[in-house]
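Work through the exercises below with the sequence and the structure at hand. Each task is followed by a solution in steps.

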Amino acid sequence: MREHYNHSRRRVLRRRRMLVAAAAVLLVAAVIFAMVHWVIPALNKEINPPDPGPAVTPGADPVPDPAGTGTKPDDDIIYHPTFDPVVPESRQVSEKWFDDAVILGDSRSQGLILYNSLSNCTSLAVKSLSLTNYTKKEATLPGLGTDTVANMIPKVGGKRFYLIFGMNDMGLDADTFGAYFARLVGLIQKSHPDADIYVQAVLPVTELKEQSGASSGFSLAHVREFNEQLMKVCTEKQVWYVDIPPALVDGKGYLLDGASWDGVHLNAEYCRVWMDYLLHHVVLPDDYNGEYDVPEGYRPGDVVMDGVTVYDFKPSN
């Protein structure tokens, strides 16, 4: 009986020792698991913090990464410099600069050509031309005959285009004017992809003309809205913007009274001032070799246009 009791007690003790051993094994395993998965990573993170990655400006979208790593490396980012379309003052060139130019515009541009005897340019200057009728208004050029201005544009040759619009577009709102102008620039760029395009800022009328109520909405405020649109188009299309010559306007920004015979069109004297400004605001080609240099003793307007009495030229619009 005592022997049976002792045997049973030994079995109980053996089971207890096995349970204790198993518990000890589980405890060790739990400690190892915790060390591997929690303690060591935490210590490693403390010693070697992760790379925060490139800084992101608050509110800015992250640069997408084709590899799917979340951000794009700095050396792959392409930076596009902002294009400034305003033509700065440059060295003066002679009127030979217009040998390779097409002047496209209204009767103001006709005055610019005639009063400066620019028989060397290609003239698509048409009385009453506007952004809404150049697909209907016709022009005549030697060797090309007569066709609409829109159809003439792809036919003419030239290294540079001067666009002079706005005077006959004052009935448009500024956004529509900008949209129509962008369409015209696109037409020229498509047919003459290597040509430079110079966009002349819209010139204002005189203050007296605006106050008379006879300027058909040609207010200084509207002119400024139009010129803001021209700047926008020039920036987007990467073409050149020629600002208003300071010598043509007064302190308020109106056309000088003495610069015009009707408050709108420039007279001969101020057409030459305008031309002088254009000849001092050009972007010379990279391969320039001096072909447009001003000869010694040169004066603007020295070239004479045969058969044209320029002082009688008074276009209506």
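**Exercise 1. Two serines in loops**

Task: State where Ser-117 lies, give its phi, and decide whether Ser-117 is buried or exposed. Then place Ser-128 and give its phi.

Solution.
Step 1. Ser-117 lies in the loop between α2 and β2 (122-125). The model is a predicted one.
Step 2. Although Ser-117 is not a glycine, its phi is positive, at about 50°.
Step 3. The relative accessible area of Ser-117 is 10%. Buried means under 20%, so Ser-117 is buried.
Step 4. Ser-128 belongs to the loop between β2 and β3 (138-141). Its phi is also positive, about 70°, and Ser-128 is not a glycine either.

**Exercise 2. Overall layout**

Task: Describe the protein chain by its helices and strands, their order, the share of buried residues and the sequence range of its contacts.

Solution.
Step 1. The protein chain has seven helices and seven strands.
Step 2. Along the sequence these elements follow the pattern α-β-α-β-β-β-α-β-α-β-α-α-β-α.
Step 3. The protein chain has 317 residues, of which 39% count as buried.
Step 4. Take the contacts between residues at least 6 apart in sequence: 70% of them join residues at least 24 apart.

**Exercise 3. Helix α2 and its surroundings**

Task: Determine how many residues of α2 are buried, what covers them, and how α2 is oriented to α7.

Solution.
Step 1. Nine of the nine residues of α2 are buried, so the helix is mostly covered. Among them are Ser-107, Gln-110, Ile-113 and Leu-114.
Step 2. The cover over these buried residues includes β1, β2, β5 and α7.
Step 3. The axes of α2 (residues 107-115) and α7 (residues 268-279) come within 9 Å and cross at roughly 90°.
Step 4. Angles of 65 to 115 degrees count as roughly perpendicular; α2 and α7 are therefore roughly perpendicular to each other.
Step 5. On the α2 side the contact is made by Arg-108, Gly-111, Leu-112 and Tyr-115. On the α7 side it is made by Ala-268, Cys-271, Arg-272, Trp-274, Met-275 and Leu-278.
Step 6. Sorted by class, the contact of α2 with α7 has seven nonpolar, one polar and two charged residues.

**Exercise 4. Aromatic pairs around Tyr-162**

Task: Classify the ring pairs that Tyr-162 forms with Phe-98 and with Tyr-198, and name the cluster that holds these residues.

Solution.
Step 1. A pair of aromatic rings is described by the distance of the centres and the angle of the planes. The structure holds nine aromatic pairs.
Step 2. For Phe-98 and Tyr-162 the ring centres are 5.1 Å apart and the planes stand at 40°, so this pair is tilted.
Step 3. Phe-98 is in the loop between α1 (2-47) and β1 (101-105), and Tyr-162 is in strand β5 (residues 160-164). They are 64 residues apart, and the pair links distant parts of the chain.
Step 4. Phe-98 and Tyr-162 are buried.
Step 5. Tyr-162 also pairs with Tyr-198, at 4.7 Å centre to centre and 10° between the planes. Planes under 30 degrees apart count as stacked, and this pair is stacked.
Step 6. Tyr-198 sits in strand β6 (residues 196-200), 36 residues from Tyr-162. Tyr-198 is buried, as is Tyr-162.
Step 7. Trp-97, Phe-98, Tyr-162, Tyr-198, Tyr-288 and Tyr-292 form one aromatic cluster.

**Exercise 5. Charges over rings**

Task: Which charged end sits over the ring of Trp-97, and which residue lies over the face of Tyr-180?

Solution.
Step 1. Over the ring of Trp-97 sits the charged end of Arg-160, 3.7 Å from the ring centre.
Step 2. Over the face of Tyr-180 lies Arg-183, at 5.2 Å from the ring centre.

**Exercise 6. One buried and one exposed helix residue**

Task: Locate Ala-150 and Glu-236, and describe their accessibility and spatial neighbours.

Solution.
Step 1. Ala-150 is in helix α3 (residues 149-152). With a relative accessible area of 13%, Ala-150 is buried.
Step 2. Leaving aside residues up to four places away in sequence, Ala-150 touches Tyr-134, Thr-135 and Leu-187. Thr-135 is 15 residues from Ala-150 in sequence, with 4.9 Å between their C-alpha atoms.
Step 3. Glu-236 is in helix α6 (residues 220-237). Its relative accessibility is 58%, and Glu-236 counts as exposed.
Step 4. Glu-236 and Phe-83 are 153 residues apart along the chain, and their C-alpha atoms are separated by 8.3 Å.

Terms used: Residues numbered from 1 in each chain as written. Predicted model: local features only at pLDDT ≥ 70, side-chain atom pairs only at ≥ 80, totals over all residues. Heavy atoms only, no water. Axes fitted to C-alpha atoms, helices over the stretch in contact; angles between N-to-C directions. Helix = DSSP H or I, 4+ residues; strand = E, 2+ residues; numbered from the N terminus. Parallel < 35°, antiparallel > 145°, perpendicular 65-115°, else oblique. Contact = heavy atoms within 4.5 Å. Nonpolar A, V, L, I, M, F, W, Y, C, P; charged D, E, K, R; others polar. Phe/Tyr/Trp six-rings, centres within 6.5 Å; stacked < 30°, edge-to-face > 60°. Buried < 20%, exposed > 50% of the residue type's maximum accessible area, 1.4 Å probe, protein only. Lys NZ or Arg CZ within 6 Å of the ring centre and 35° of its normal.
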